[in-house]
Structure formats: structure tokens, C-alpha cells
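This report introduces a protein model to a reader who has not met it before. Please look over the sequence and the structure before reading on.

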Amino acid sequence: MAAAKKTKPSAAKGPAEKIYDSFIVGAGISGIAAAIKLKKEGYNNFKIIERADRVGGTWRENTYPGCGCDVPSSLYSYSFALSSKWSHLFAKQPEILSYLEEVSDNFDITPLIEFNTNLQSATWDESRYLWVLGTSNGEHLARTVVFATGPITESKTPVLPGLESFSGEMFHSAKWNHDYDLTGKRVAVIGTGASAIQFVPQIQPKVKELFVFQRTAPWVLPKPDLPLGDRVKQTIEVLPVIQRGWRNAVSRSLNVINFGLRNPKVLRPISTAAKQLLRLQISDKALRKAVTPDFTLGCKRVLFANDYYPALQADNTHLIPHGLVEVDGNTVVAANGERHEVDVIIWGTGFEVSHPPIGSKVVNANGDRLSDLWKDTSPEAYLGAALENTPNAFLVLGPNVLVYDSFIGLAEAQLDYIIDGLKKVKDNDIGKISIRSDVLRQHNAKVQKHLKGTVFNSGGCKSYYLDQNGRNFAAWPWSLAELKRRLSVFDLDDYDVTYRNEAVLSKVS
Ligand SMILES: Cc1cc2nc3c(=O)[nH]c(=O)nc-3n(C[C@H](O)[C@H](O)[C@H](O)COP(=O)(O)OP(=O)(O)OC[C@H]3O[C@@H](n4cnc5c(N)ncnc54)[C@H](O)[C@@H]3O)c2cc1C
């Protein structure tokens, strides 16, 4: 891991007087891009805060061994900042974090960020058409807000009987304890999702015994990763057209996968090939049976790894094809009653994604806290960005925009839409802009209708795309091109708009 960059908070304490045109919360991929794009549009009266002491979001927080990208880096990078430095086709976390820091520095965003500043409350003030933003370093006022606070940030661990009796070490993959030496230890890994399949092969050679608890066998396809040598990097640097061409080729191939996710029959030959590959990769019949997925490919996020199955077959690894149901002292108990004594539990149990944590901070124009509104269901938004009764505020990577592609591309497309909206607010002297309820309802009804035929809803799995009621709050049911088309113009007709002078006039009359 690179050394932490510290920047002092510079906020004034106490009630705010200055009014910002815009306020960005979060300096991960989305917040950095929001600031760059606002600057490009000539904005200088905006503020960006970050609760941590450096940029990077996901890639700052997740430092587990083997952490990396499952989308080729030529695509998992900003369209306006392609890099020739990637050491592999699929970059690892330290490189992605360095890249984000470099982009933030190169575009002069880092000095603008107020680090170590946590947004504690965001309350819409109807009388002034302003957001009142309470932070750990004082209060701010802003006409508009961009919540770039992340879609996958809240790590999730199960509540299990007896957990308090465990006297060994325990940590979540997103909060890896690098001070704890796993050498020679008996380790229980709970979960076989995207993070676990990356760290299991890394820790397996050093631990004494590895118990991998698997509730559902994921689809794991070979990762077409390759190192990129100096000559390749130099060529890309001199001829960026190669990088762009590679980016377009990756994008096109992901479009094909996306087509398959919307039309599951198309993916059948891939799942047949994947099962044949499994036969070649795993000789032990019982293990092969246990890791063979029982749902349609694509229903859960498809995972890519070349070293996961070999790690499962190592002599010191025991795959337990059941969930962990109980902890009894230092013994972990599986759903089938199997018991194993361990020194450490590593939670590879993923994240709480159906209820963005920012909801607990935001009070909308009706005086409702968003998390209260989302108590019994996951949130709905217009194009993943605009929330009902929440004027002049936009969420990046909000509900129902997930396409199997790079989140960076999705965030950029959304930010183009959001910034088009912010410009319209500023240029037209708009006091208040709020997504129309009928537009929101119609949009989400269509989204849900079209999701029915997709593999996410009909593939026979319980994925993180579905909320507690089985509603798919995450996926976009159409193509990425369609999402980009819809996001290409911010149409004021979709919004209830109050102009500033109109508001003043109506207050006077
Ligand atoms: C382990 C892992 C691997 C992933 N791999 C991929 C991949 O291969 N491909 C892909 O496309 N996507 C991947 N993702 C998804 C990833 O989250 C997104 O790609 C992307 O990083 C999201 O960026 P973001 O800026 O929107 O959010 P984040 O990276 O989560 O950043 C949000 C920022 O907001 C800050 N923040 C939050 N709340 C507050 C507050 N109240 N006050 C102040 N600051 C706040 C946070 O500290 C954070 O820095 C992965 C996610 C994880 C967890």
C-alpha cells in the first residue's frame, strides 16, 4: 500500500455564510470525476469533502491480498485520463489507488478537497432554496449537491448465535487486518463472492488450514489477464490510439455479455463451456459438484479468476458447501452440522448495497429522512440520480443503473447528465428543481417490467441486486448505449422547476 496522503481540513466552524453553487460529497471515482467535470465547465464556486484522509473510495478501503479489478483497466479508467502505466490487463488495488491519486493531482482537484470531513447531515431549506450541510468541520450552504458517496461501501457481517464467544481474530475483507499474520493459522473464510475469490488464493499457501464456507457456488470464469511489459507500455504511451482501440474492443465485448444477460438463452453456450472447463480444472468429482453453480450464468455477478479453483484443491483447503450458522467458542459450525476449530474468521460476506448509507444523513423537502422512507423498501430514482422530493440534489451510481461494464463509465455518463442539470440550474437562475413524481413512477414501472425477463430476476438466484422484498433495485434492464442515450441530455421537462425570480414574485404577491 502507498503511504497515506494527509491534507488538513480547512473548513470554518460554525454557521455558514458563503453559498456554494455546488457541493460534492465523497472523493472516490465519482467525486473526483464530478470535480474535474465541474471545473471543466468553468465552475469555481464549489466545494468537495471527503471523510477519509485521501482520495480513492473503494480502492482506498479495500486492501485485502489480491484485491483488483475484474474489468480490464483500459476500460476501468476515466475516458479523459487513459493510462499507459497499467502493469497488467486487469490492475490491482494499489495501482488503481495510485492512478486515482495521480488523476486527482494532475487535474488539480486534490488541493480543493477538504479531507477528514464527514457529512453528518444534509437538510433542504425550502425558505432559501438551499442545502444546509452539517459536516464534522462546520456548516455549509449550497444551491446544489452531488452525493458521490459510493454504491458499495458498507461492509456486511452476519449476526450469528455464539459469535460473541469467539476469542480468535475476526475481520471483514474490506477492513483487512494487515497486522495479523495468517501464517500457520486455521482460517475460516465465510463467503465465496467477488472479494473471497481474490483473497483465498493469496492466503491459502501460508495458512495451516483453510475452511471456505460457500452458501452458493458462483460462476467463476478464466480471467484473461496478462502482464504488460515496458515495451507495451511505451508503445501505448506513444500511440494512445492503441489504448483507445483496446478500450473500445473491451467495451464491445461487454456489450455482448450485457445482451446475453438481457436474453439468457444467448448465454447457454457460455455456461456449457464453463462447465466443461470446470471438468478440466477440478478432478475431484465431489468438489466439482459442490462448486458447480445451480443458477443461470449472470444471475449473480460473473467472477473471473485463474487461481481460485487451484486454491480450493490444495491439501490444506476444505470447501464446506454450506453457510456458517453458529460459532461455539473457537469452533465454527456449518449448516450441515460440520464443526471446525479455527484461529481466525475472515468475513467475505460482501456489502449492504440496497440502502445507500447516505440516506441516513439526508432530510428532504418534506422533512423526511431518506433512510426512514427506505426502511421497508430499497430506493427508487430517476436514471439512478434524481430522488423524489429531494430538490437540487443528485446521487451518483444510485438505483437501477447497473450494467455489466466499468463503474467508471457509468459514473461518467451519469455525471454528464448531472452536470448538464447543474448548468441549467445556474444558467437559468433556477431556485428549485425536483424530479416530477409521474416521470419517476413511469420510469421505474418500465424498469421493473423490463427487468422481469432478464437473468437477474429470472436466473434462479438470490443476488445482491434484489432487496429484502425481491425487488431488483440495482440493474438497468436495457443496453449501456440506451443508458448513455438517456443520460445524454438533462431534460428540464422531466422536472418541476421553480425559477428564482418567480419564487421571489410569488413571495411578494
Ligand atoms: C472490492 C471491490 C471491487 C470492485 N471491483 C470493481 C470492478 O472490478 N469493476 C467495477 O466497475 N467496479 C468495481 N467495484 C465497484 C466500485 O465500488 C466502483 O467501481 C467505484 O469505485 C465506485 O466509486 P464511487 O466514487 O462512486 O464510490 P466510492 O469508491 O465508495 O467512494 C465514495 C467516497 O465517498 C466518501 N464518503 C461516503 N460517505 C461520506 C460522508 N458522509 N462524508 C464524506 N465523505 C463520504 C467515502 O469515504 C469514499 O471515499 C468494486 C467494489 C469493491 C468494493
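The following paragraphs treat the overall form, the domains, the cores, one helix, two loop residues and the ligand shell.

The model is a predicted one, in which local features need pLDDT of at least 70 and side-chain atom pairs count only at pLDDT 80 or more, while totals for chains, interfaces and linings use all residues. Residues are numbered from 1 along each chain as its sequence is written.

**Overall form.** The secondary structure of the protein chain comes to 15 helices and 22 strands. These elements are DSSP runs numbered from the N terminus, helices being H or I with at least four residues and strands E with at least two. Along the principal axes, the C-alpha atoms fill a box of roughly 80 × 55 × 45 Å. The radius of gyration of the protein chain is 24 Å, which agrees with the value near 23 Å for a compact globule of 509 residues. That radius is taken over C-alpha atoms, and the globule rule is 2.2 Å times the number of residues to the power 0.38. Buried residues make up 44% of the 509 residues; a residue is buried if 20 or more other C-beta atoms, placed from the backbone, lie within 10 Å of its own.

**Domains.** An automatic or database domain assignment provides the domain bounds. Domain 1 covers 19-154 + 352-435 + 476-508, and domain 2 covers 155-218 + 301-350. Their C-alpha centres lie 34 Å apart. Across the boundary, 11 residues of domain 1 are in contact with 14 residues of domain 2, where contact requires C-beta atoms, placed from the backbone, within 7 Å.

**Cores.** A nonpolar core is a set of buried Ala, Val, Leu, Ile, Met, Phe, Trp, Tyr and Cys residues joined through C-beta atoms within 7 Å. The largest has 94 residues, of which Ile32 and Phe147 touch the most other members. Helix α11 supplies the largest share of this core, 11 residues. Beyond its neighbours within four places in sequence, Phe147 is in contact with Val25, Ile358, Ala393, Phe394, Leu395 and Val396. Apart from the largest core lies another, of 41 residues, including Tyr64, Leu182, Ala188 and Val302.

**Helix α4.** Helix α4, residues 196-203, is mostly covered, with 7 of its 8 residues buried. Among them are Ile197, Phe199 and Ile203. The buried residues of α4 pack against β9 (186-190), β10 (209-213), β11 (220-221), β12 (303-304) and α9 (308-312).

**Two loop residues.** Most residues other than glycine have a negative phi. The table lists two leucines with a positive phi.

| Residue | Phi | Loop | C-beta neighbours |
|---|---|---|---|
| Leu383 | about 50 degrees | between α10 (370-373) and β20 (393-395) | 24 within 10 Å, buried |
| Leu397 | about 60 degrees | between β20 and α11 | 24 inside 10 Å, buried |

**Ligand shell.** Which residues come nearest to the ligand? Of the 34 residues around the ligand, they are Gly26, Gly28, Gly57, Gly150 and Phe407; a residue belongs here if its C-beta atom, placed from the backbone, lies within 6 Å of the molecule. Helices α1 (29-40) and α11 (407-427) each supply at least two residues of the shell, and the largest share, 3 residues, comes from α1. By class, the shell divides into 17 nonpolar, 13 polar and 4 charged residues. Here Ala, Val, Leu, Ile, Met, Phe, Trp, Tyr, Cys and Pro count as nonpolar, Asp, Glu, Lys and Arg as charged, and the others, Gly among them, as polar.

Note on methods
Contact = placed C-beta atoms within 7 Å. Buried ≥ 20, exposed ≤ 12 C-beta atoms within 10 Å, placed from the backbone.
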